Amino acid sequence: MLEYLPLVILISLAAGLAVLVVILGHSFGPHRPTAKKGLPYESGMTPYGPGTRRMSVRYYLVAVLFILFDIEVVFFLPWAVMFRKLGVFGLVEMLIFIGILLVGYVYAWKKGALEWE
Amino acid sequence: MSLSDLLILLPQAFLLVWASLLLLVDLFISKERKVITAILGAAGLAITLGLTSGQWGSRATGFNQMVVVDNFSVFLSGLFTLAGLVAIVIAYDNMRRTGIHKTEFYSLLLFSVAGMMLMSAAADLIIVFLALELLSIPLYILAGLAVPRAGSAEGAIKYFLLGAFASGFVLYGTALIFGATQGTSLAGIMASIQSGTAELPLLVIGAALLLVGFSFKVAAVPFHMWTPDVYQGAPSPVTGFMSIGAKAAGFAALIRVFSLAFPSLAGQFAPIFAVLAGLTMVVGNVAAVSQVSIKRMLAYSSIAHAGYILMALVPLADPSVAANSTASALTYLVVYGITTLGAWAVISAVENADGGDTSVRDLSGLARQHPWLAAAMTFFMLSFTGIPPLAGFWGKFYLFRTAIEGGYTTLAIIGLLSSLVSAWYYLRVIVMMYFRESEAGASRAPSIQIAAILLALAVLVLGLFPSGLFQLALQALANGVS
Amino acid sequence: MILDQVIFLITAVVVLTAAILVVSVPKMIHAALWLILALAGIAVLFVLLQAPFFAVVQVIVYIGAIAVLVIFAVMLTRKAMQDDGPQLNRYSVLAAAVSLMLFAVLTGMLLSWDGANNLPVNPAVNPDTIVNLGESLTNPQGFLLPFEVASILLLAALVGAIYIGREHRAGKEEE
């Protein structure tokens, strides 16, 4: 378990720093609210419309494609670690695996799932 | 990988490659020539049928005993590919007429058939799970093929959520069985039980969870709630395929797992199966009576038929009856498959062009407008009821006989009584078609008519010569299961 | 061992609390955020089980991708932030009874198993789990078949996601 200690320290440092900064800013910073300052931040533009409007279904499609290829990458990792030992045989198996996914990629491409408009 | 491993799974592998290529090829076929996709899809299934029937009589295991090819798997694979072929014939006309001719249908159907074939050959719980997913995921999407039609979307989402829930049960059960026997291969589980190293309580819970998962798939009461909505909402050809494909695959898994891996648990599970079968028969048939929509009526009817088949799994503990009862389950699956595909073919032809729901009333007067369709539908309804000399009668005859031989006379009587109830709603369809004023219009496409007539002929021929099918089913068990 | 147990207990409490909050908070977006905490806790459990690879997968796939997908899905709905309809429907009591019964039966049977009371302490685990995984995934005598079937599954899911996720303009394209 000790090998995870650096990870724990990193996570606690990151979380602690974030909390600390917020607390510091909140307690020492000047606090003079105006109507304009209270507006939601929208990259410097004047915000318009409700903040919780529905998003386009395209975001969802992109997220789904991301998951599927993400899982594919997860399968790559154990194979990549063993790449030299598995040799040509392992490469062929992986090519089959990728080939099947490639069919899906071509399908997604041709169907316009990768295009925004 | 030795080549023999791949040869064992050649039909499945071929179908998967074909389906993937079909997906690609379809992208380059122009919109007016989509009939090519349908023909290519059917060709793939036909070749697969040839490949799989070439394996009849042999028995081999492959991939470290994860899959087994025996007559049982070939028998069911044949059923699945034929059901897929019929579904394509029905779907082509119906989808064009209702304006949902989406060519993804063909690839997804092929994927699903491949999953079912893999299920029939599964000899390892991991493969059982993967096959279950491979056959289900395309079916979820096929159920939603008519999106944005509200019913189709509703059916798809319900099917998906409950299907995922059922998969969870199967997965949890598999994990517990792995814990109990330190293996997932069915042969290994059996060996572990026989040598007494298996942890019995864990194993029993695991097996029960598997049973729950599979019961969802075959739509047994009380895990049937999704069936009416999904059958009603999904496009009719898809429902037709689903009603036999998913059910037969579920039973394939049940028979494989419960007769191969857990024969010593069969005694403990007999009362559970008996209750499931009794409930399913009664609830399915009684609920079907009051349905207005013919799609919902057939959904409840499919639940009832799952109950009849479940009856065959009750006497597995008795070795003298086990083979006969499993064979009668297989026989019934074939008979039910032909009948249900035929009935859904007729519904696909009658369905309104807007693809909305079809009520029993929509069939009124069909006999005058479309005498062939009406005649075929009459055969299917009589076969569902179990009127001799049609195939459905013999299917029920074998099931009830083995139930009585196994000492479950009460169950057989419940089955008989609920069949009587079922006569009410099946015959109502016939009355509508022949004795009501004509309202019905239907597709005049020859393909769908020929399919319906051929299936009706099959119902008749199997009814006149029933022993051949039963002998085939017995042979299907001869070199593998039980 | 004591440290392990302390970590396990804390994680278990966090995961269970987060999971209960997922199904009980009224706003869906909050439920999605609680879900992330529950998933993170599962990653810690994988670490405790000495399965670091699965811990990483849990973080990458579940927290990194699925949580994002869930949040997108919530934002697709009409009332992402102001959904405050009733949490329970009329079957809630029945559902709770059935779930509790199932839980009691499963727990009871698991406790009656002697293995639950004398689990092996610190079983020997090969440290190179990822190497073993790589070997068995590509070995025909191992898990090659499930591996390749998994890729077919991904393909089917991909086709389905694209089909369902495309914008269908009701009836216009078809006619």
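User: Happy to dig into this one! In chain C, what share of the contacts between residues at least 6 apart in sequence join residues at least 24 apart?

Analyst: Glad to help, and please keep in mind that this is a predicted model. In chain C the share is 53%. For chain B, residues 24 or more positions apart account for 81% of the contacts with a separation of 6 or more.

User: What makes chain C read as α-α-α-α-α-α?

Analyst: Chain C holds 6 helices and 0 strands, and that pattern is what you get by reading along its sequence.

User: How do you know that the length of helix H4 of chain C agrees with its residue count?

Analyst: Helix H4 of chain C covers residues 92–111, and at 1.5 Å a residue its 20 residues should span 28 Å; the end C-alpha atoms are 28 Å apart, so the two agree.

User: Why is H4(C) called hardly covered?

Analyst: A residue needs 20 or more other C-beta atoms within 10 Å of its own to be buried. In H4(C), the count of buried residues among its 20 residues is 0. Across chain C, buried residues make up 22% of the 175 residues.

User: And chain B, with its 20 helices and 2 strands: why is chain B called as compact as a globular protein of that length?

Analyst: The globule rule gives 23 Å for 482 residues, and the radius of gyration of chain B is 21 Å, which is close, so the description fits. The C-alpha trace of chain B spans about 65 × 55 × 40 Å along its principal axes, and 65% of the 482 residues are buried.

How values were computed:
Residues are numbered from 1 along each chain as its sequence is written. Chains are lettered from A and ligands numbered from 1 in the order in which they are written. This is a predicted model: local features need pLDDT of at least 70, side-chain atom pairs count only at pLDDT 80 or more; totals for chains, interfaces and linings use all residues. Helices (H or I, at least four residues) and strands (E, at least two) are DSSP runs, numbered from the N terminus. A residue is buried if 20 or more other C-beta atoms lie within 10 Å of its own, exposed if 12 or fewer, and partly exposed in between; C-beta atoms are placed from the backbone. Two residues are in contact if their C-beta atoms, placed from the backbone, lie within 7 Å. The expected span of a helix is 1.5 Å times one less than its number of residues. The radius of gyration is taken over C-alpha atoms; the globule rule is 2.2 Å times the number of residues to the power 0.38.
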